[in-house]
Amino acid sequence: MNLRTLVLGLAAVLMLGGTATAGTLDAVKKQGFIRCGVSDGQPGFSNPDAKGNWTGIDVDYCRAVATAIFNDPNKVRFVPVSFAERFTALQANQFEILSHNTTWTMDRDVAQGLEFIGVDFYDGQGFMVRKTLGVKSALQLDGATLCTQTGTTSELNAADFFRAHKLKYKILVYQKASEYIAAYDAGRCDAATTDRSGLAGDRLKLKDPNGSIILPDTISKEPLGPAVRQGDQQWGDLCRWVLFAMVNAEELGVSSKNVDAQLGSTSPEIRRLLGKEGAFGTKLGLTDDWAYRIIKKVGNYGEIFDRSVGMKTPLKMQRGLNALWNKGGIMYAPPIR
Amino acid sequence: MTPPVTAAPPTAFHRKRPVKKIGVLGWLHANLFSSLFNTVLTLLVLGLLVWAVPPILDWAFIDAVWHGTTREACETVGGACWPFIFQRFGQIVYGFYDEAARWRVDVVYVFGAVGLAWLMIPSLPRKGWVGAALLTLYPLVSFVLLSGGWFGLPVVSTEKWGGLLLTLVVAAVGIVASLPLGVLLALGRRSTLPVVRILSVVFIEVWRGVPMITVLFMASSMLPLFLPDGLELDKLVRALIAVALFNAAYMAEVIRGGLQALPRGQYEGAAALGFGYWQSTALIVLPQALRTVLPDIVNNMISMFKDTSLVSIIGFFDLLGVIQAGATDVDWTGPNTALTGYLFAGALYWVFCFSMSRYSASLERQLSQGDRR
Amino acid sequence: MAITVLQMSKHRAAWRDTHWRSIILQALVLLALAVLAAWMIGNVTTALSHRHVASGFAFLDHTAGFGIAQTLIDYTEESSYGRAMWVGLANTVLVSVISIVLSTVIGFIVGIGRLSSNWLVAKLCTAYVELLRNMPLLLQLLFWYFGVLAALPGPRESLTLGSGIALNNRGLFIPLLVQQSGSWLVWLGIFAGIAIAWGLYRWAGKRQHDTGHRPTVWWAMLLAIFALPAAVLYATGVPFTVSWPELTGFNYSGGLQVIPELAGLTLALSIYTAAYIAEIVRAGLLSVARGQHEAAQALGLRHTHSLRLVLVPQALRVIIPPLASEYLSLTKNSSLAIVIGYPDLVSVFAGTVLNQTGQAIEILSMVMAIYLTLSLIVSLLMNLYNRAHAGQDAR
């Protein structure tokens, strides 16, 4: 919503008060774009370049939703929000999708008004230390000082880990990513701790990225995924199946490069995915070529992974848990049928 | 320093030559070395300056890097990294504002600068009209230009506003909105209607009693919950509302000071002329009260301007936010980037605030001259 | 005030008219306010219940589960969120009190320095005020915090003073006195010594007032302050042990650690606020009529004496009210701690706890209420002070 419509609509809405909401999908179609809450600078997930163009997995997921609805990956407005305000902002409908490498936890799902629609990145919490420290395992961190960011699960996981292993620690919590990295870089703490994917990005922001390593230990489960507001089943379904379509496409070998050729495929699974059989898009409130458009314009899950965080990017992350279930990972999507 | 006195004829008034009070030496003696204590102080301060100033200058200018386009240029040098500022200058001034639309920001900057200069240069005519235009027409035109959506201007959403632009927008809205609100609150606090008075007191004291950061948190993560579904206030609008209300409370107290300082006779005179409450307030009381506290109002504006930097904590990329984000950006992170950025931001803030404080001081002088009867 | 004057000047019917009009106006204001409040509360309740968001204050008793870097009161990860709030509040009070003392000292020095007859000192003090008053505190805080961190060495290259004191980028480590049973007797001895010394001082003043002769009491005072506690210390068998900081593993442990966040925040707050205090002090000193100083000189008082006995007491009356409001804004400004990770009330409670529980409304209301209470207490004290001194002023 831009300022003009806001000012014009303000008076009308104030008089109407809280009238019943139309479905999110209808509202989005009327508005002409989706709004997507992302982090304010996390390489590989959502990161604006100097010109304000956003890239990363979280960003591409939102582009996929936009493509499914509008056939245009640019019909997204990215709303950067901090860790601290992301949930209230979603509850208050500041955006339709929160794609903010958010860990799916029970409390958030049941008591904070969020509905997680799936996992687009399986992660775990790790530690980054300076090489000069000579530490090889997180268990050697007894008495260490940790730096992390406020509003994350990392704060609690670190406490759990050190308590469980009867180790002593001190933790410093910063409000913003820039301060947390600057503090680690200034030597204020022995280890930085957050999701491993986050650490990979943070390491690049150090003055000397090669002077620090990420320890092999993973101390928690961090299933990261997009979330929508509770209460709109149709919108939740649409968002969920956009994610599943991208994973299914990779499993079926359909990519942005071969998707046009695959239109002629005889495999019933591919035909259902690309809208040649069945009316799955219509059931979501879209057109039946919804997944074709996503794959054509944004790509399948593997493509997104590779260009955002994969081995050819500065983050150099292995697929690991995020490989497909039949390739040694746990990335798995229910079938389209 | 005993002068040769051989040539001097012996007189009855045989005393030491008076200490020289003019010339360089005389000045030095009077101002720096008048006593032992003063001499020690002078030497201490000189020592402090010699110890502190040259390294700072070295770092900022002599050892600094001036050319380059990436972080590599600054990696090996122990001085300021100015290419960071040069390369990121567009972001520092406009934020992520669409490049094709930046002329709109420039127009707003130029109008604002010309308008302010007009008000401050004493010899220019029609100050009343210019001031009124600056308070009413100018915000309107700026709003249209900056946000777009009218007259075929493409919309630039507020997430893209940043840098100095955002700092100035927040400061300007805070200043322009807090004045009328502050006047109303100050009048409310002195009202004879108990409900109005109590509400004004509560409003003023609550806002003045809490830190600005909690007010901003409230605007960013609590206020949206109080609005119905379908009414979404832009995040910037919410922050601006918070800043305006917060500053209005402080402004109200400044203006109340002016109202209290007004001699009772003025109120009585207005009543004798048969003026009603609003007439006497608008025509007699307020003009005088505002005039007396004008320097304090400007001082208050300085505080507001500095406080705009707090919006970076709730995720806005204002002047400070843009520099902070840039300093940990993969392209520019380095040993001296952040410090260079802070130095530059500090200098910019300082120029704005110092000019305002000079202006306030000159107003104070003018006013005190006017009062000399 | 304007209205009372106007009201009196009008005849009866009109007075009635105004009277009723004002009542209706006030009723309307109240009504509008009530409607607005009801509307907003209605919105919140629907929003929260619709999306199954938890509300209420039950979370205060839930286990916090996170660690805090500086705890003045007992706290572990098993403590409750409510306990975490008190930890944060204690840290806010600590940093505020230290900064208030430090900023007052710097502020008085700079303020008096601006009026110095020494040109260089006066100019330097002016430069201090003009430089620091015109830059945002947040910027200065970032500068001091990261500046301090950058200047300090890592734990293994610590700057040490003897074996007991170490300084590195994890903080300042000094030996800590650990109290054993019976230590309260020593504290009692110290307080008693100070009380006795104070009594002696008062007695000497009274004697001087009555007889014109001041008895020499300084040695007795010293004896009371030092010898008495020493004697108690000896008698109780020194009920203290010293915990020395030692380099173990990553860092020093034991002793007392002053974390850099506390140091950075204290530095920034005191140096910034001192610029304002300096201006208040200068204005206060200038407000004392010139004749007072000349009269003091004419009485043969030396400069320091005239400052201490004549100028400062008069200036203080002008200085103290604005000083109190500076202290208040310093306390509120300490909430910027959140930026550098100092665990103050806002950082712990409105930062971590808010994010873990998601209960923004409850938590922000509590934080604002706490600051408001602090402000009201200080305002109350100030009003009492003003009332006490109003009688002395020739107003």
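Select helix α4 of chain C, residues 119-133, in this predicted model. Colour C:V121, C:C125, C:V129, C:L132 and C:R133, which are buried. Now look down the axis of α4(C): these buried residues fall within an arc of 100°, so they line one face of the helix. An α-helix has 3.6 residues a turn, so residues three or four places apart point the same way.

Turn α4(C) side-on and check its length. With 15 residues at 1.5 Å a residue, the helix should span 21 Å, and its end C-alpha atoms are 21 Å apart, which agrees.

Next, show what covers the buried residues of α4(C). The cover includes α3 (81-114) and α8 (260-287) of chain C, together with α2 (36-62) of chain B.

From α2(B), go on to the contact between chains B and C. Here 49 residues of chain B are in contact with 48 residues of chain C. On the chain B side, select α2, α10 (194-209), α11 (212-226), α13 (264-272), α14 (277-307) and α16 (337-371), the elements that give two or more residues each. Which of them gives the most? It is α16(B), with nine residues. Coloured by class, this side of chain B shows 32 nonpolar, 14 polar and three charged residues.

Last, move to chain A and select A:G278, in the loop between α11 (268-273) and α12 (280-284). Is A:G278 buried or exposed? A:G278 is partly exposed, because 15 other C-beta atoms lie within 10 Å, and a residue counts as buried at 20 or more and as exposed at 12 or fewer. Draw a distance from A:G278 to A:L114: their C-alpha atoms are separated by 31 Å, and the two are 164 residues apart along the chain.

Note on methods:
Residues are numbered from 1 along each chain as its sequence is written. Chains are lettered from A and ligands numbered from 1 in the order in which they are written. This is a predicted model: local features need pLDDT of at least 70, side-chain atom pairs count only at pLDDT 80 or more; totals for chains, interfaces and linings use all residues. Helices (H or I, at least four residues) and strands (E, at least two) are DSSP runs, numbered from the N terminus. The expected span of a helix is 1.5 Å times one less than its number of residues. The arc is that of the directions from the helix axis to the C-beta atoms. Two residues are in contact if their C-beta atoms, placed from the backbone, lie within 7 Å. Ala, Val, Leu, Ile, Met, Phe, Trp, Tyr, Cys and Pro count as nonpolar, Asp, Glu, Lys and Arg as charged, and the others, Gly among them, as polar.
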